[in-house]
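Work through the exercises below with the sequence and the model open. Each task is followed by a stepwise solution.

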Amino acid sequence: MARSSSGFVAGLTAAAVAVVGFLAYQASAAAPSPAELAAKPRTPSTAPSAEASGKPKQPAKDPLALPADSGKGARVVYALKDHRVWLVDARNQVTQTFSVMPSTVSPPPGTYAVTSRSGAVRGSDGVQIEHVVRFATVQDVSIGFSAAVDGSTPEPDPAKKTGGIRMKRADGDAMWTFASIGAKVVVVA
């Protein structure tokens, strides 16, 4: 009985080796060659590749990066489309960036200077505001940065002509410290 059992085990072992060998052969036949792997991306993509379109792939834009067309030196940079402000020092280093809520009247892109400041006033929308830093006038509306005393940054009423670019109170404090009379303000699209 021992002989037939060892023959049976040997037969099973041989069959298992044959099956494993056959499966390995199938897998290697279906697998791409090392050259094919090097030529193709490792993850499937539904978008056309940069090589297919002939255009180089563009890196994703960092939404917090200082706009390239914003000038040099110490300045406040306000990006209209991004609703973002950067405070930039004389060495061209960003010291702070933060999001803002734009007003209903926006200044056109260009370079401005801070013309006036107010510690605390009532905004054109009726909200009590602080740290007002004005730099432009458009359609008889003064344009400036400010923070609501209650800390709110609601969207302005589109039916009203307002010029207050609102920010959080901590950001308003930073703006107040940074942007004195005559400070450069660069507005980019």
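**Exercise 1. Helix H4 and the strands**

Task: Determine which strands helix H4 lies across, and at what angle it runs to S3.

Solution. The model is predicted.
- Locate H4 at residues 169-178.
- Helix H4 lies across strand S1 (75-79), strand S2 (84-88) and S3.
- To S3, the helix runs at about 140°.

**Exercise 2. The chain as a whole**

Task: Give the secondary-structure content of the chain and its pattern along the sequence.

Solution.
- Count the elements: four helices and nine strands.
- Read them along the sequence: α-α-α-β-β-β-β-β-β-β-β-α-β.
- Turn to burial: 30% of the 189 residues count as buried.
- Then take contacts with a separation of 6 or more: 49% of them join residues 24 or more positions apart.
- Finish with the surface: the chain exposes about 12000 Å², and carbon and sulfur atoms supply 60% of that area.

**Exercise 3. The open sheet**

Task: Write the strand order of the five-stranded open sheet, then say which strands stand at the edges.

Solution.
- The order is S3-S2-S1-S9-S4, and the pairing is mixed.
- Strand S3 (94-99) and strand S4 (110-113) each have a single partner strand, so they stand at the edges, with one side of each left without a neighbour in the sheet.
- From one strand to the next, the twist averages 20°.
- Now inspect the S4 edge. S4 pairs with strand S9 (residues 184-188) in the antiparallel sense, over four bridges.
- Pick out one bridge: Thr111 has Val186 in S9 as its partner.

Background to this step: strands of a sheet pair through backbone hydrogen bonds, either parallel or antiparallel.

**Exercise 4. Positive phi in two loops**

Task: Asn92 and Asp140 both have positive phi without being glycine. Place each one in its loop and classify its exposure.

Solution.
- Start with Asn92. Its phi is near 70°.
- Asn92 sits in the loop between S2 and S3.
- The relative accessible area of Asn92 is 26%, so this residue is partly exposed.
- Go on to Asp140. Its phi is near 60°.
- Asp140 sits in the loop between strand S6 (128-138) and strand S7 (141-148).
- The relative accessible area of Asp140 is 80%; exposed means over 50%, so Asp140 is exposed.

**Exercise 5. Aromatic pairs**

Task: How many aromatic pairs does a search of the whole structure find? Describe the geometry of the pairs that involve Phe135 with Tyr112 and with Phe145.

Solution.
- The search finds three aromatic pairs.
- Take Tyr112 and Phe135. Their ring centres are 5.6 Å apart, with 70° between the planes, which makes the pair edge-to-face.
- Tyr112 lies in strand S4 and Phe135 in strand S6, so this pair ties together parts that are 23 residues apart in sequence.
- Both Tyr112 and Phe135 are buried.
- Take Phe135 and Phe145. This pair is stacked, at 5.1 Å centre to centre and 25° between the planes.
- Phe135 in strand S6 and Phe145 in strand S7 are 10 residues apart.
- Phe135 and Phe145 are both buried.
- Assemble the group: Tyr78, Tyr112, Phe135 and Phe145 form one aromatic cluster.

**Exercise 6. A charge over a ring**

Task: Over which ring does the charged end of Arg117 sit, and how far from its centre?

Solution.
- The ring is that of Trp176.
- The charged end of Arg117 is 3.6 Å from the centre of this ring.
- Trp176 falls within helix H4, residues 169-178.

Methods: Residues are numbered from 1 along each chain as its sequence is written. This is a predicted model: local features need pLDDT of at least 70, side-chain atom pairs count only at pLDDT 80 or more; totals for chains, interfaces and linings use all residues. Side-chain values use heavy atoms; hydrogens and water are left out. Two strands pair if DSSP finds at least two bridges between them. Axes are lines fitted to C-alpha atoms, for helices over the stretch in contact, and angles run from 0 to 180 degrees between N-to-C directions. Contact means heavy atoms within 4.5 Å. Buried means under 20% relative accessible area, exposed over 50%, partly exposed in between (1.4 Å probe, protein chains only). Rings of Phe, Tyr and Trp (its six-membered ring) pair if their centres lie within 6.5 Å; planes under 30 degrees apart count as stacked, over 60 as edge-to-face and the rest as tilted. A charge sits over a ring if NZ of Lys or CZ of Arg is within 6 Å of the ring centre and within 35 degrees of the ring normal. Accessible areas come from the Shrake-Rupley method with a 1.4 Å probe; for residues, only the protein chains shown count as cover.
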